[in-house]
Amino acid sequence: LAGACLTAGAVGAVTVAPRSAEPEVPVRPTAAAGSPFVGRAWGVYKGKGDQAWQPYVNATGTRKTLLAKIALRPKAKWFGGWIPNGDIATKVTAYIENSQAGDPDALVQMTIFRVRPWEHRACSRLPTAAEQTSYKQWINRFAGAVGDTPTAIILQPDGPFALCAPHGSTLPSRLVAYAARVLSAQPHTSVYVEAGAADWPAPGQQGGVDSAVKILVRGGISYARGFALNSTHYSSTPNEVDRGVAIVRALAARGITGKRFVVNTSSSGHPFVFGDYTGADPDNAFVCKTRNDPVTRTCVTLGIPPTADVANPKWRMPARTNDLAATYVDAYLWFGRPWLYRQADPFVMSRALQLVRTSPY
């Protein structure tokens, strides 16, 4: 449900599937291997492709200290159709080189937001033949640039929009599945297909978990390491863990076993249900006024910092959440960007500073 256009930043060669007459992606369960987030450094991109970077570089004193809480944390940068097919490999290469800073074993995190049309536009028309061909070419070049780089990729935020395709078409999902297959074929790439949030698809709206499973099965979860939750919403981490565990178990009941998930925590420091937002634009939710705003106030602030130490008591999660997270969650990550206007662009200094000041973490 968040805004779509996002600035991007920015590599390698690999053999991928043919670019025309692509075969249907079969559902073929795979078991998850070891977590990509454990036992290696996490790269931090430090360049103009991150809207928060230059404001941090230009800042001084207290402002710089505050902005460091955003700029110097590992995040999953967004790449999408605003980057032409002819430029995507170069952009990805540059991003990887910057993020790894000379360490080829460092993990690089990225988000792909490339299906067109998407979000509400996906409800009124399907991708044209030219758009499908362009998408596959873009994905092939992205995958070639990734090559053997250790990567974790969040695939197609706002996943529930796949369910509103005209006439029940699965075409948008098949494109996502194509990307899941091609990217997961890279030797050190872990793909997480986005499936909404604990409040989207909402419980009672065609089943919530059942709908999420439909998104994932159609979207190539059989190829991916797992799935991602809460990209653009503000749901609580305990609720997201509960939703994720329910999805894992529902997938297993269908024979798709061993899946893990990641949760965006950049926007959940003061959680609320997206549909309960009391302001005009939930995509640009008001930033909290203090660290102790009442729970009845629907506002956003930074949540748990990016970490694979998901059961650490310092996050102050319920014991049940910690137990479930230790079993099923690969990491709490930042692939949402509440410091940007409508979570998209541009960077808003006042939002960023207030997000840091009011975060309970």
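These legends describe close-up views of a predicted model.

**View 1. Helix H7 packs against helix H8 at an angle of about 45°.** H7 spans residues 237-253, and H8 spans residues 319-328. Their axes are 10 Å apart. The angle falls outside the ranges for roughly parallel, roughly antiparallel and roughly perpendicular, so H7 is oblique to H8. The crossing of H7 past H8 is left-handed. From H7, the contact draws on Pro-238, Val-241, Asp-242, Val-245, Val-248 and Arg-249. From H8 come Arg-320, Thr-321, Leu-324, Ala-325 and Tyr-328. By class, the residues of this contact are 7 nonpolar, 1 polar and 3 charged.

**View 2. Helix H4 packs against helix H5 at an angle of about 20°.** H4 covers residues 129-146, and H5 covers residues 171-184. The two axes lie 9 Å apart. Angles under 35 degrees count as roughly parallel, and H4 and H5 therefore fit that description. H4 passes H5 in a crossing that is right-handed. H4 contributes Gln-132, Tyr-135, Lys-136, Ile-139, Asn-140, Phe-142 and Ala-143 to the contact. H5 contributes Leu-171, Leu-175, Val-176, Tyr-178, Ala-179, Val-182 and Leu-183. The contact of H4 with H5 holds 11 nonpolar, 2 polar and 1 charged residues.

**View 3. Arg-141 is a residue of helix H4.** Its relative accessible area is 28%, so Arg-141 counts as partly exposed. Buried would require a value under 20%, and exposed one over 50%. Asn-85 is 56 residues away from Arg-141 in sequence. In space, the two residues are 7.7 Å apart, C-alpha to C-alpha.

**View 4. Strand S6 is largely enclosed by the rest of the structure.** The strand runs over residues 260-264. Of its 5 residues, 5 are buried, which means that the surroundings largely enclose S6. In a regular strand, side chains alternate between the two faces of the sheet. Both faces of S6 are covered. Arg-260, Val-262 and Asn-264 are buried on one side. Phe-261 and Val-263 are buried on the other.

**View 5. Strands S5 and S6 run parallel.** S5 is formed by residues 226-229. It is joined to S6 by 4 bridges. Gly-226 has Arg-260 as its bridge partner in S6. Arg-260 is also one of the buried residues of S6, on the side with Val-262 and Asn-264.

Methods. Residues numbered from 1 in each chain as written. Predicted model: local features only at pLDDT ≥ 70, side-chain atom pairs only at ≥ 80, totals over all residues. Heavy atoms only, no water. Axes fitted to C-alpha atoms, helices over the stretch in contact; angles between N-to-C directions. Helix = DSSP H or I, 4+ residues; strand = E, 2+ residues; numbered from the N terminus. Parallel < 35°, antiparallel > 145°, perpendicular 65-115°, else oblique. Left-handed = near helix turned anticlockwise from the far one by under 90°. Contact = heavy atoms within 4.5 Å. Nonpolar A, V, L, I, M, F, W, Y, C, P; charged D, E, K, R; others polar. Buried < 20%, exposed > 50% of the residue type's maximum accessible area, 1.4 Å probe, protein only. Pairing = 2+ DSSP bridges.
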